Amino acid sequence: VGTAVVTRSDGRLAPGRLGALCEQIQELNSKGFEVILVSSGAVGCGRQRLRYRKLINSSFADLQKPQVELDGKACAAVGQNGLMALYDTLFSQLDVTSAQLLVTDNDFRDSEFRKQLNETVKSLLALKVVPIFNENDAVSTRKAPYEDSSGIFWDNDSLAALLALELKADLLVLLSDVEGLYSGPPQDEKSRLIHTYTKERLEGVITFGDKSRVGRGGMTAKVKAAVYAAHAGIPVIITSGFAGDNIIKVLEGQRIGTLFHRDAHKWVQLGEVSGRDMAVASRESSRRLQAMSSQERSKILLDVADALESNEKLIVTENEADIAAARQAGIASLAKAIRVLANMEEPIGHVMKRTELADGLVLEKTSSPLGVLLIIFESRPEALIQIASLAIRSGNGLLLKGGKEAKLSNAILHKVITSAIPESVGERLIGLVTSREEIPDLLKLDDVIDLVIPRGSNKLVSQIKASTKIPVLGHADGICHVYVDKSANMDMAKNIVLDAKTDYPAACNAMETLLVHKDLLQTGSLNELIMELQVKGVTVYGGPRVRKEMNLPEARSFHHEYNSLACTVEIVDDVYSAIDHIHKFGRHVNCLEHFFLLNAHTDCIIAEDTEVAELFLNQVDSAAVLHNASTRFCDGFRFGLGAEVGISTSRIHARGPVGVEGLLTTRWIARGSGQVVDGDKEIVYTHRDLALQA
């Protein structure tokens, strides 16, 4: 336990943190673990006490003189007494006995001492006594005991490593005032926690900050001690001592702190790049992609389509189970969609507006790629193909994180697609993030990632939104409604309702709520619709008005998304009531705690009365609204976009199915002939709209 954990910022002992430490040791002790504690803090504690003592014993004249730093050995002697008194009190409250063992560097040069040390510790542990070690700084013969790093050990971190070896420990935990080893200063929001330390990758790359504010070590000392112990075969974890249960979490196998292990290099590929490196490489590749001609970019997509088809057997063989969804969609149909994208009109550099600002000065508003996208998507492997194709067509760099259930499929698909990207662009245009733990670090990279698109539940979208400064395009599940008006053709209504619910019940554009005009209850049409759904295996839940008329189980909530063969049915008075219902329940109130709204997804009206239909189409505030057509049509491919990265339920930037256009922004290009502003004295503004074709 480091000094920064044992003491507060003013140098006094921190009884709260020490209490939590003792409670964890007591819990482990009771479970049969043998725990040895190496504690810093004596010097810091003693220094604070002696400063106070010196202050009250000083005259006013003494205080005017230059103050000499207190003798470190005296600080250690005074502080050790107070430190052990506190440990003894805390452990006694937990019915645990502790023992103090003070050692010096020279002690370990004596083989008899080392033998006796082992026997003493063994006896204490057999009696369930907790040995507490500390360097006996008060009588140390080291010339500069607070700076000299020569000898067998030089601080309590290296002492802990030495004792771990000497006493054949199974694990060494080094508690610090930060969560572990970071790639940069921990207070820098761009620094990331390194979960596994590999000397081959990180030695000489990581820079360390200042030593501990009150002790002799700091992170540099901890890393040296950890590397030393790990090399000798003892696993080491550096983690925070400020959390009250981190030691327990470590022994439960939770992934916290930084692990040092002799075999770590076998677990972490040396060629593996960090999230930042991946994002930077993707941006560089995207710029090279943008510099290509439209024909060259189209050829890349055609090559990707060819590569997918030629590797179909390999893709299916790689993981028969998690490729099922992609096989259902069909590699051939996915390749066809990519070819559609390749043959689309060039999206980059499209001139949207031309304006003559002044004579000889023309301004153009043009389309431009966003930059680097981070897409977190569900377990459907075909999503990777669609998203990667859209990124290539729109000239964007891409980082992908798919579901773990499709890990193998995503890996082979990523390999096949990137193999088709020419060296002039670089296969790192598209990076594949393989670990869920990398996501928090990626969400900090607002300087290199331009947009995050989470495809999944509302909970996922809200978590991402609350965790990053990067703009988030909210693709989320939504409450899709179908309203059947009294003027509806009932045969058409049955077909549309069944398709909207049963074609793909788990899709985000599947019907969740069926709203029916009140007159259809009297005609028996409502009953027919419910029976048609039930025959197809749909579980139908009723809203309050329906349940008064029919024997149906109660719907949990009008906000509930089933994503399965189930739906809610409710009666409404007319089209206005239907619109009000959609506006009230189409929004996802569970996102309000994060101060943003996801608007309604896709809604449909089935009606022959065109006036009613137009009213619905114009007033329903949803991402997509349909008349006499299934909600399942709300899809990038079906809308003719070639593919989609998701369906945005946000209002900003893009809404509905997001294809190539949704991945573009604008930039301004001005062509002049020497004009200067000079206070607008000589220039005459015309601001005249010009034809798009010069």
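The protein has an accessible surface of about 33,000 Å², and 50% of that belongs to carbon and sulfur atoms. Keep in mind that you're looking at a predicted model. Its secondary structure adds up to 26 helices and 24 strands, and of its 694 residues, 52% count as buried. If you take the contacts with a separation of 6 or more, 73% of them come from residues 24 or more positions apart.

**Strand β18 and its partners**

- Start with β18, which covers residues 566–572: 7 of its 7 residues are buried, so the strand is largely enclosed by the rest of the structure.
- Ala566, Thr568, Glu570 and Val572 point one way from β18, while Cys567, Val569 and Ile571 point the other way, and all of them are buried.
- Which strand pairs with β18 over 5 bridges? That's β16 (residues 511–517), and the pairing is parallel.
- If you want a spot to look at in that pairing, go to His517, whose bridge partner in β18 is Val572.
- Strand β17 (residues 539–542) also runs parallel to β18, joined to it by 4 bridges.
- Here you can pick out Val540, which has Cys567 as its bridge partner in β18.

**Helix α2 and what comes after it**

- Helix α2 spans residues 15–30, and its length checks out: at 1.5 Å a residue, its 16 residues should span 22 Å, and the end C-alpha atoms are indeed 22 Å apart.
- The buried residues of α2 are Leu18, Gly19, Ala20, Leu21, Cys22, Gln24, Ile25, Leu28 and Asn29.
- A handy rule for reading a list like that: an α-helix has 3.6 residues a turn, so residues three or four places apart point the same way.
- After α2 comes Gly32, with a positive phi near 100°.
- Phe33 sits in the loop between α2 and β1 (37–38), and with a relative accessible area of 37% it is partly exposed.
- Phe33 also belongs to a nonpolar surface patch with Leu171 and Leu251, and the three together offer about 220 Å² of accessible area.

**Helix α5 and the loop after it**

- Gln80 is part of helix α5 (residues 72–93).
- Is Gln80 buried or exposed? Its relative accessible area is 9%, so it counts as buried.
- Setting aside neighbours within four places in sequence, Gln80 is in contact with Ala42, Gln100, Leu102 and Asn134.
- Asp95 lies in the loop between α5 and β2 (98–103), and its phi is positive, near 60°, even though it isn't a glycine.
- Asp95 is exposed, at a relative accessible area of 74%.

**Another aspartate with a positive phi**

- Asp680 has a positive phi of about 60° and, again, is not a glycine.
- You'll find Asp680 in the loop between β23 (664–671) and β24 (685–690), where it is partly exposed at 40% relative accessibility.

**Salt bridges**

- How many salt bridges does a search of the whole structure find? The count is 20.
- Asp105 and Arg109 meet through their side chains in a salt bridge, at 2.8 Å from N to O.
- In that pair, Asp105 is buried with a relative accessible area of 10%, whereas Arg109 is exposed at 53%.
- Arg283 and Asp450 form a salt bridge too, at 2.8 Å from N to O.
- This one links distant parts of the chain, 167 residues apart: Arg283 is in helix α12 (residues 275–290), and Asp450 is in the loop between α19 (439–442) and β13 (451–456).
- Arg283 counts as buried at 15% relative accessibility, while Asp450 is partly exposed at 26%.
- The side chains of Arg339 and Glu309 make a salt bridge at 3.0 Å, N to O.
- Arg339 is in helix α16 (residues 331–342) and Glu309 in helix α13 (residues 294–310), so this pair ties together parts 30 residues apart in sequence.
- Arg339 is partly exposed at a relative accessible area of 23%, and Glu309 is partly exposed at 35%.
- Finally, Arg297, Glu346 and Arg393 are linked in a salt-bridge network.

Technical notes
Residues numbered from 1 in each chain as written. Predicted model: local features only at pLDDT ≥ 70, side-chain atom pairs only at ≥ 80, totals over all residues. Heavy atoms only, no water. Buried < 20%, exposed > 50% of the residue type's maximum accessible area, 1.4 Å probe, protein only. Helix = DSSP H or I, 4+ residues; strand = E, 2+ residues; numbered from the N terminus. Pairing = 2+ DSSP bridges. Patch = residues over 30% accessible without salt bridge, like charges linked within 9 Å, V, L, I, M, F, W, Y side chains within 5 Å. Areas by Shrake-Rupley, 256 points an atom, 1.4 Å probe, with all protein chains shown as cover. Salt bridge = Lys/Arg side-chain N within 4 Å of Asp/Glu carboxyl O. Contact = heavy atoms within 4.5 Å. Expected span 1.5 Å × (residues − 1).
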